[in-house]
Amino acid sequence: MKAELLVKERHTFWDGSSFAEIVIWKVPAAVEGSEHGYKYRLAFVVEEVCVVRYDNERSKGDHRHYGDIEESYRFKDIDMLLEPFNASLDAFRHARSINRSFMAGKRTEGCVQEQNCLSHCLQVKITNSPHRLCDK
């Protein structure tokens, strides 16, 4: 059996500077580090920077990225893969709106400081821990 492309979609958001890309393959043998027959990549990119990504890279297995943070992810099935990815997008949008309000008073350009704050806010939202700025 050859690899079969199941989904390849790219959704550009209204602002024109961000998009989500979903690519899922059915593969004949599990990717090294994974225990299932899929190869996938779900990515959310803002201003040419990948801020959220779920994938199963060879030898790393199933994992996700929030900015510079990388952690293992327990893959259940393809249907359940979209739910945490969509939650990650919502959390990113929430974190970014908090960060813009916070940074507005600091006269600082985004770059590293903004990315670190966004990564922190996103991680807090995903793990359902209260955030020191918004308690949500």
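This passage describes the strands, the nonpolar core and the aromatic pairs of a predicted model. Local features were considered at pLDDT of at least 70 and side-chain atom pairs at pLDDT 80 or more, whereas totals for chains, interfaces and linings use all residues. Residues are numbered from 1 along each chain as its sequence is written, and side-chain values rest on heavy atoms, with hydrogens and water left out.

Six strands (DSSP runs of E, at least two residues, numbered from the N terminus) form an open sheet in the order β1-β2-β3-β4-β5-β6 with antiparallel pairing, where pairing requires at least two DSSP bridges between two strands. The edge strands, β1 (4-12) and β6 (69-72), each pair on one side only. Strands β3 (residues 38-46) and β4 (residues 49-57) are joined by six bridges, and Val 45 stands opposite Cys 50 in β4.

The largest nonpolar core (buried Ala, Val, Leu, Ile, Met, Phe, Trp, Tyr and Cys residues joined through side-chain atoms within 4.5 Å) has 18 residues, and those with the most contacts inside it include Tyr 40, Tyr 54 and Phe 85. Helix α1 (78-104) gives the most to this core, with five residues.

Five aromatic pairs were counted, with ring centres required to lie within 6.5 Å and planes classed as stacked under 30 degrees, edge-to-face over 60 and tilted for the rest. Tyr 40 and Phe 75 are stacked, at 5.5 Å centre to centre and 25° between the planes; both residues are buried, that is, under 20% relative accessible area with a 1.4 Å probe, protein chains only. Because the planes of Tyr 54 and Phe 85 stand at 90°, with centres 6.0 Å apart, this pair is edge-to-face.

Notes
Helices (H or I, at least four residues) and strands (E, at least two) are DSSP runs, numbered from the N terminus. Buried means under 20% relative accessible area, exposed over 50%, partly exposed in between (1.4 Å probe, protein chains only).
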